[in-house]
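Here's a quick tour of this protein, written for someone who'd rather be at the bench. Have a look at the fold, then we'll walk through the side chains.

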Amino acid sequence: MKVFFRTIHLYLSLAAGVIIFCSCLTGTMLVFEKDIQQALHHNRYFVERGQTRIPLSAIKATLKNELPKAKLLSLMVYTDPERSIEASVFLPEKKEKKEGAPAPEKKAGEKKGGKDDKPKEADRANLTVMINPYTGQIIEQFNRRETFLYSVEMFHRFLLGKRDSVGDWVISISTLFFLVILITGVILWWPKTKAITKQRLKIKWDGSGKRLTNDLHIVTGFYTSIFLIIISASGLVMTFKWANNTLFFLTGSKVVGKEDTKAPLSVYQPGIKALKPELAAASLSDKIANAESYSVKLPKDTAAAYIFSVLKKGSVELATDVYYVDQYSGKIAGSVIYADKNLGQRIRGVIKPIHTGSIYGWPTKILAFIICLVSLIFPVTGVMMWLNRIGVGKKKKKKPVRSRTAAVPA
């Protein structure tokens, strides 16, 4: 059986070793993405503490004046008095028209402007605007897609491609291979005797180069395997539907999709204007007071409701409570409390923080950084062990030539 597992371990490693190395390298860089951004652009994320905050409607008006063509989608508000407000905005991109190019022909029955003239990503922000919560002044506006770390993330996820692209499938299959490699590696590591156990738990730094290579691969692989299995498995849950369904099956929970949960609507009242964001937030004052941050998603139309996602202090990232507030009456139209979700939903909600290492803040970030950094050793040492095994680089020993001695007369 060990020969069988060794064969699987070897050939999957050779097939996906380069991709695994790149994924681990980019994953190491992304662990402290938010911390790096805040350190490099401190004035973007932090402001001088003032006396009173301006209402959210004033921020909305400022954005409308400064960016008249932009559509405000949501506001991220932090209870930390020194944090700025993040506004997620969709700004239609300008399309350059070639001079002399004929206008596209209209199909029969197509309305003026055409179906494709509307932005397909109207619900996805492409611009982040940082605003001072005390003065309402725009501090800075930037597009995260144009940053270096965003390119690193796209390489980590899709090899700079898009969802369902070739790069996406290469990364996904390589992650699956990595999980199998880790499991077979643990099986191959499992010792038969106590003496072998001691050897495989400690690196012999003063050994030969071949022994040191083996120890770096085997010993560090054992200590990091459980963490890497969790990281790779969480990546599969975010990638494959069957892995996501497996999570719900193992927890004995029902899979709840977007089609199963419909957002409550506001009760439309003709002639009555919608409430301002700060008045809609007044019904959640007790919940916001005990929150670390909350986001406000503005209604898309006259029937939609305000959507507040509230993150309690001390809660795991993304473990938010969602409240729907009627835009006319200000009453809570519905809610989705994180603690009331089934076990599968609660685990699925923290899969991304588990994968990125941000689930418990700095301690788990540092652990994830070290694990990803050490994992860069495995593809390199694995190839070196394989080359040593097949004899690459070894000098062939010459067979000794027997010299024939002349006969000596008696």
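Is Glu33 buried or exposed? Glu33 is buried, because its relative accessibility is 15%, under the 20% cut-off. Keep in mind that this is a predicted model.

**Salt bridges**

Glu33 makes a good starting point, since it has a charged partner. Side chains of opposite charge can pair when their charged atoms come close. Here, Glu33 pairs up with Arg144 in a salt bridge, and their closest N and O atoms sit 2.9 Å apart. The two come from distant parts of the chain: Glu33 is in helix 2 (residues 33-40), while Arg144 is in the loop between strand 4 (138-142) and helix 5 (148-158), 111 residues apart. Unlike its buried partner, Arg144 is partly exposed, at 32% relative accessibility.

Helix 2 has another charged residue to look at, Asp35. The side chain of Asp35 meets that of Lys365 in a salt bridge, with 2.7 Å from N to O. Lys365 lies in helix 14 (residues 362-374), so this pair ties together parts that are 330 residues apart in sequence. Lys365 itself is buried, with a relative accessible area of 12%.

For contrast, take Lys287 and Asp286. They form a salt bridge too, with the closest N and O atoms 3.5 Å apart. Lys287 is partly exposed, with a relative accessible area of 27%, and Asp286 is also partly exposed, at 45%. Back at Glu33, there is a bit more going on: salt bridges that share partners join Glu33, Arg144, Glu153 and Arg157 into one network.

Across the whole structure, the search turns up 10 salt bridges. Here are the ones we've just met, side by side:

| Salt bridge | Closest N to O distance |
|---|---|
| Arg144 and Glu33 | 2.9 Å |
| Lys365 and Asp35 | 2.7 Å |
| Lys287 and Asp286 | 3.5 Å |

**Cysteines**

How many disulfides does a search of the whole structure find? The count is zero. Take Cys22: it is in no disulfide, and the nearest cysteine sulfur belongs to Cys24, 9.4 Å away. Cys22 counts as partly exposed, at 23% relative accessibility. Cys24 is in no disulfide either, and for Cys24 the nearest cysteine sulfur is that of Cys372, 6.2 Å away. A disulfide needs the two sulfur atoms within 2.5 Å, so that pair doesn't qualify. Cys24 is buried, at 8% relative accessibility.

**Surface patches**

Now for the outside. Which residues make the nonpolar surface patch? The patch is built from Ile226, Phe227, Ile230 and Leu367, and covers about 330 Å². Helix 8 (residues 209-239) gives the largest share, three residues. Ile226 is placed in that helix, and it is partly exposed, with a relative accessible area of 47%.

There's a charged patch as well. Glu48, Asp80, Glu82 and Glu292 gather on the surface as a patch of negative charge. One of them, Glu292, lies in strand 5 (residues 291-297). Its relative accessible area is 39%, so Glu292 is partly exposed.

**Backbone oddities**

If you like checking Ramachandran plots, have a look at two leucines. Most residues other than glycine have a negative phi, and most peptide bonds are trans. Leu159, however, has a positive phi, near 55°, and Leu160 has a positive phi of about 70° although it is not a glycine. Leu159 is in the loop between helix 5 and helix 6 (166-189), and Leu160 lies in the loop between helix 5 and helix 6 as well. As for how much of each you can see, Leu159 is partly exposed, with a relative accessible area of 26%, whereas Leu160 is exposed, at 57%.

**A contact across the sequence**

One last stop is Leu179, which is found in helix 6. How far apart in space are Leu179 and Ser232? Their C-alpha atoms are 6.1 Å apart, although the two residues are 53 residues apart in sequence. Leu179 is buried, with a relative accessible area of 16%.

Methods:
Residues are numbered from 1 along each chain as its sequence is written. This is a predicted model: local features need pLDDT of at least 70, side-chain atom pairs count only at pLDDT 80 or more; totals for chains, interfaces and linings use all residues. Side-chain values use heavy atoms; hydrogens and water are left out. Patches are made of residues with over 30% relative accessible area and no salt bridge: like charges are joined within 9 Å, nonpolar side chains (Val, Leu, Ile, Met, Phe, Trp, Tyr) within 5 Å. Accessible areas come from the Shrake-Rupley method with a 1.4 Å probe; for residues, only the protein chains shown count as cover. A salt bridge is a side-chain nitrogen of Lys or Arg within 4 Å of a carboxyl oxygen of Asp or Glu. Helices (H or I, at least four residues) and strands (E, at least two) are DSSP runs, numbered from the N terminus. Buried means under 20% relative accessible area, exposed over 50%, partly exposed in between (1.4 Å probe, protein chains only). Lys and Arg count as positive and Asp and Glu as negative; His and the chain ends are not counted. The place of a charge is taken as NZ of Lys, CZ of Arg, CG of Asp or CD of Glu.
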